[in-house]
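Colleague: Can we go through this one together? I have a few short questions.

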Amino acid sequence: MNILDKYIIKKFLAAFFFSVVILVTVICVIDFTEKNDDFIQHNLPMSKIIFGYYIYLFPYFANLLSPITIFIAVVFVTAQLAARTEIVAILASGVSFRRLMLPYAMGGAVVGLLIFGLIGWVLPIGNKSRVAFERAYIKLPYRFQGRNVHIKIGPRSYVYMESYDNLSNIGFHFALETVDSTILKRRLTADAINWDSTKQVWHLSPQLVRTFRGAQDETLQTVPARDTTLNLFPKDFASTYKLAETLTLPELNAYIKTKIERGADDTQLYLSEKYERYAYPFSIVILTLIGVTLSARKSRAGVGGQIALGFVLAFVFIIFVMLSRNLAQVGSMSPLVAAWVPSTVFSVIGLALYRFVPK
C-alpha cells in the first residue's frame, strides 16, 4: 500500500463515517418527533429513551442506510479529486484507472467486513433490546390470531389447536397425533391445554386417547387431567415482530432448522434474512466501484449533481433489495436467488459503466 492508497482510503472512510453520523442523526431526530407522544404517554425519562432505545436504533439505521452513505462518500471524495484535477495528475503519472480503483475496493471491503460482523453478531444483540422497547412502549399489545394451528413437534408427532390465547397461555380443542408414514396410529384429544409457568409443563384437561392398530382395530381410553412435557412452548405463539433481526447468525441457523423440522409456513422469511446477511456486504463493494466509475471525471453538474445521481442509484438498489425480499417471502423466488439478485444486477451495471463511461 503506497501513499496514494492511504490518502484515498483515509478520505473515503472519513467521508463514509461522517455521512453515516450526519444522515442517521437527522433520521433519529425525525423518528423521535414521530414517537414522542408514545414516550410521553408512558412517562419515559430521557435517559431510558436514549440508552434503552436510540443507542440501539442508531447502528440499525447506519446499517440500513449503508448503500446510500457508501455511495455519498465515494462520489463526494472522487468528485472532489476530479474537480481539483488530482485524478488527471494520477492517471498522467502512469497509474491505470483499474489501479486507481484498488484503494476504493480495499476501503469498500473494510466497510463490508465491518457490516458483516455487525449484522451477523453485534446488531442482533442490540436489536433484542430495541425490539423489546418497541413492543413495550410503541406497538399495541400482541394477540395471537392464528386459527386451526398445526405444528410438527417430533418426527412422528403433530399438534393441533383450534385457537390459542397467548395472554393466559391456554390452547383450546387440543389434539396430539402420532403418525407412522401416512397412517394415523394414535390421537389424543383434550378440551384445553394450559402452560404452568411454575413447573414449566403443560397441563392437560381430561383426555380421550384413540389407538389404531388396524383398519378395524381401535381402542378408546379416558385419561384424567395431568401434566406433560411437549416440544412446544408459549414462545411458539408469541409475537414474531422483527424476530429475524434479533437473531445472531448461529441463532438464525438454529431457528431455521427448527422451522424446517416443523414444516412452518414462514421459513422463507428467515432464509431470506440469512442469505441477505451474506450478500449485503458484497453489494457494498459493488456500489463503491460503481460510484468511482461515475464520479471520476469532471461534470458540468458539479459535485452536487454527482451526489444526487449517487442518491438515485442507491435508492434504486434499496428498492431492488425490498422487491427481491418480498418475492422470496411469498415463495415466488428462491431466498438464495433473491438475496443475490440486487448485487448481480448492479455488478452487471458496474461492468457496463466501466466499459462505456469515459474515464
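**Pockets, packing and one strand residue**

Colleague: How much space lies in the second largest pocket?

Modeller: About 600 Å³. A pocket here is an open set of points on a 1 Å grid where a 1.4 Å probe fits, with protein on both sides within 12 Å along at least five of seven lines, and lining residues have an atom within 4 Å of a point. The volume is the space filled by probe spheres set on those points.

Colleague: Which residues are closest to the centre of that second pocket?

Modeller: Leu64, Glu245, Glu273, Glu276 and Arg325, out of 24 that line the second largest pocket. This is a predicted model, with pLDDT of at least 70 needed for local features and 80 or more for side-chain atom pairs, while totals for chains, interfaces and linings use all residues. Numbering starts from 1 along each chain, and side-chain values use heavy atoms, without hydrogens or water.

Colleague: Which helix gives the most to that lining?

Modeller: H7, with six residues. Helices H2 (46-64), H5 (97-137), H7 (267-295) and H8 (302-329) each supply at least two. Helices are DSSP runs of H or I with at least four residues, and strands are runs of E with at least two.

Colleague: And the largest pocket, what volume does that have?

Modeller: About 910 Å³. The largest pocket has 29 lining residues, with Asp236, Tyr255, Lys259, Arg262 and Ala264 nearest the centre. Strand S1 (147-152) and helix H6 (249-262) are the elements that give two or more residues to that lining, and H6 gives the most, six.

Colleague: How does the lining of the largest pocket divide by class?

Modeller: Into 14 nonpolar, seven polar and eight charged residues. Ala, Val, Leu, Ile, Met, Phe, Trp, Tyr, Cys and Pro count as nonpolar, Asp, Glu, Lys and Arg as charged, and the others as polar.

Colleague: Back to the helices. At what angle do H5 and H6 pack?

Modeller: About 80°, with the axes 9 Å apart. H5 and H6 are therefore roughly perpendicular, a label for angles of 65 to 115 degrees.

Colleague: Which residues meet there?

Modeller: Phe116, Gly120, Trp121 and Lys128 in H5 meet Leu249, Pro250 and Glu251 in H6. Contact means heavy atoms within 4.5 Å.

Colleague: New topic. Is Val223 buried or exposed?

Modeller: Val223 is buried, at 14% relative accessible area; the cut-off for buried is under 20%. Val223 lies in strand S7 (residues 218-223).

Colleague: What does Val223 touch?

Modeller: Pro206, Gln207 and Val209, leaving out residues up to four places away in sequence.

Definitions and conventions:
Axes are lines fitted to C-alpha atoms, for helices over the stretch in contact, and angles run from 0 to 180 degrees between N-to-C directions. Angles under 35 degrees count as roughly parallel, over 145 as roughly antiparallel, 65 to 115 as roughly perpendicular and the rest as oblique. Buried means under 20% relative accessible area, exposed over 50%, partly exposed in between (1.4 Å probe, protein chains only).
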